[in-house]
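Subject: Handover of a structure and findings

Dear colleague,

Please find below the structure that I am handing over to you. I would be grateful if you would read the notes beneath it with the model open.

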Amino acid sequence: MAGSYRMCVCFTRKFKVTEAGPPPDVKEAFFKYTDGGTHMSAEQLWRFLVEVQGDGDVSIADAEKIVEQVLQKMHHIAKFTRHTLTLDDFHRYLFSADLNPPIRDQVHQDMTKPLSHYFIYTGHNSYLTGNQLSSDCSDVPIMKALKRGVRVIELDIWPNSTKDNVDVLHGRTLTAPVELIRCLKCIKEYAFLSSPYPVIITLEDHLTPDLQVKVAQMITETFGDMLYCPECECLEELPSPEELKYRIIISTKPPKEYLKAESGKDKGNKSQREKDSDDDTWGKEPLDLVSDQEDGDVSDTDTSEDSDNESQQPGVSAYKRLIAIHAGKPRGGLKEALKVDPNKVRRLSLSEQALEKASENHGTDVIRFTQKNVLRVYPKGTRFNSSNYKPLIGWTHGAQMVAFNMQGYGRFLWLMNGMFRSNGGCGFVKKPEFLMKVGPHGEVFNPKTKLPVKKSLKVKVYMGDGWHLDFKSTHFDLYSPPDFYTRVGIAGVPGDVIMKKTKIKEDNWTPVWDEEFTFQLTVPELALLRVEVHEYDMSEKDDFAGQTCLPVSELIPGIHAVPLFDRKGEKLNSSRLLMRFEFVQD
């Protein structure tokens, strides 16, 4: 028995985590700015921040505050006899995601332009807890999305089983409904916890006129003065995010379009699955591909200001008055739908596949449309498992609302989360100027044009730490420490896309790679830096150990701590990388 016991001890041994020291670049910077000394003063730190970290706004007083924070955090003492940093203090400061993050956390872009000038953090079927066919509908995913910074919430509204109230559910599926009023109250409670900028509610409306009147009353009573109701029926230009701070905006089709759509729909209803696949086919620009509702309802031209049907339904006008951003399309194909009306703005919806086809044949028309109007892109109907699609096609063509299943997860959602870390995570990111520019002869940016390299980004991956605090000692390997490697690359326009990786560092919880990569960028404004850490497994699939995605345009030059996130986008408590960023103009 004794021999058996010793064998057991052998195979469950614990490996001590040895802390890696500062990498050579950190040591070199420390000795350079301390003139070879052993302690760094606040003034010396200030010089480092200005010259290496590129922080031109930092003052000596700011540097003094950083020294104080580092000493308090690292040594847990309120009063200290020294006001300088040792090499280890300096290294720990650089490796602190709280004190030395890779991007800024404040809103810094111009927020006074019309809404059409911004990419907006947009959810799809925001009420679903899981898959698109049978998961429960709830206000919880709405709450989570708003807390994460999502600014566009989609609600599909249907009559309840007794036809006297309104439910939210994914129509013609087995999803269990949730009451509309519960979703509205949730939006009111959580709308502005993460951002002061407006929340847009896109309604996919399947209601009878009497229930539309009821919805108008619900919305008005729930939101009160928070609700933005334009004075005129059709806006010539959208207001700015700054003007709309702490406001709720409703976007849907005006009631008369619903009534016309319903009369058309009676001629032949389709199942959800048939509808979804029909939405995603492409013939000679069929009208179904230019959808302002995801169920493929064919709405007629929005030309008359009055509707006989509408006038027969007292109170429907109250519902119509609530709609700030009108959804709808004119009669005809895609080319017609993308025409810009100088007298009014509107929202157009395209499935991901319809956008791909539109980008092939009408790319510049899409960009011209999105300079004034709002384009919403939504996942194709066959994504039953709530997966997502490449968001860059939408962004490259100026689409403001690239709608994602926030309850899903995967690499495309990592990109979405990465883009909206921009601008302090406020949910609105100003579109690059080239997407808004109009030439002397009306020419706009052409996404198909092959562009020269504009700048290069040098990324150095020094080291990683924190996994031993976030994972069990046997999580990656039962019998030895993990073998980590880092994948780093670019997501962006097709010519910029690339992934590279470091060497594998065996048997080490605190790997040191010290490897540099260079990425040439033709459109740095839309580029995202992708970072993934994996643990090499000889016999099975490599284990996942964290990821992040950062907007290249927001990266702060110099040496920074890069926090990592799990597969679902939740921040890991301790796992992080030490990296260096440097831009070289080509």
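The notes below describe the chain as a whole, then one helix, the salt bridges and a surface patch.

This is a predicted model, in which local features need pLDDT of at least 70 and side-chain atom pairs count only at pLDDT 80 or more, while totals for chains, interfaces and linings use all residues. Residues are numbered from 1 along each chain as its sequence is written, and side-chain values use heavy atoms, with hydrogens and water left out.

The chain holds 18 helices and 19 strands (DSSP runs, numbered from the N terminus: H or I of at least four residues for helices, E of at least two for strands). Of its 586 residues, 55% count as buried (under 20% relative accessible area; exposed is over 50% and partly exposed in between, with a 1.4 Å probe and protein chains only).

Helix α14 (residues 352-370) deserves your attention. Its end C-alpha atoms span only 16 Å, whereas a straight helix of 19 residues would span 27 Å at 1.5 Å a residue (the expected span is 1.5 Å times one less than the number of residues). A kink of about 105° is centred on H362; the bend is the angle between axes fitted to the seven residues ending at a residue and the seven starting there. The buried residues of α14 include H362, G363 and E352, and the buried residues pack against elements including β8 (347-351) and β9 (374-378).

The count of salt bridges comes to 19 (a side-chain nitrogen of Lys or Arg within 4 Å of a carboxyl oxygen of Asp or Glu). One of them joins E352 to R383 at 2.6 Å, N to O. This pair links helix α14 to the loop between β9 and α15, 31 residues apart. E352 is buried at 6% relative accessible area, and R383 is buried at 15%.

Another salt bridge pairs E154 with R376 (3.0 Å, N to O). E154 lies in strand β2 (residues 152-159) and R376 in strand β9, so the pair ties together parts that are 222 residues apart in sequence. Both E154 and R376 are buried.

On the surface, I504, Y536 and M538 make a nonpolar patch of about 320 Å². I504 lies in the loop between β14 (498-501) and β15 (512-521), and counts as partly exposed at 35% relative accessibility.

Yours faithfully

Definitions and conventions: Contact = heavy atoms within 4.5 Å. Patch = residues over 30% accessible without salt bridge, like charges linked within 9 Å, V, L, I, M, F, W, Y side chains within 5 Å. Areas by Shrake-Rupley, 256 points an atom, 1.4 Å probe, with all protein chains shown as cover.
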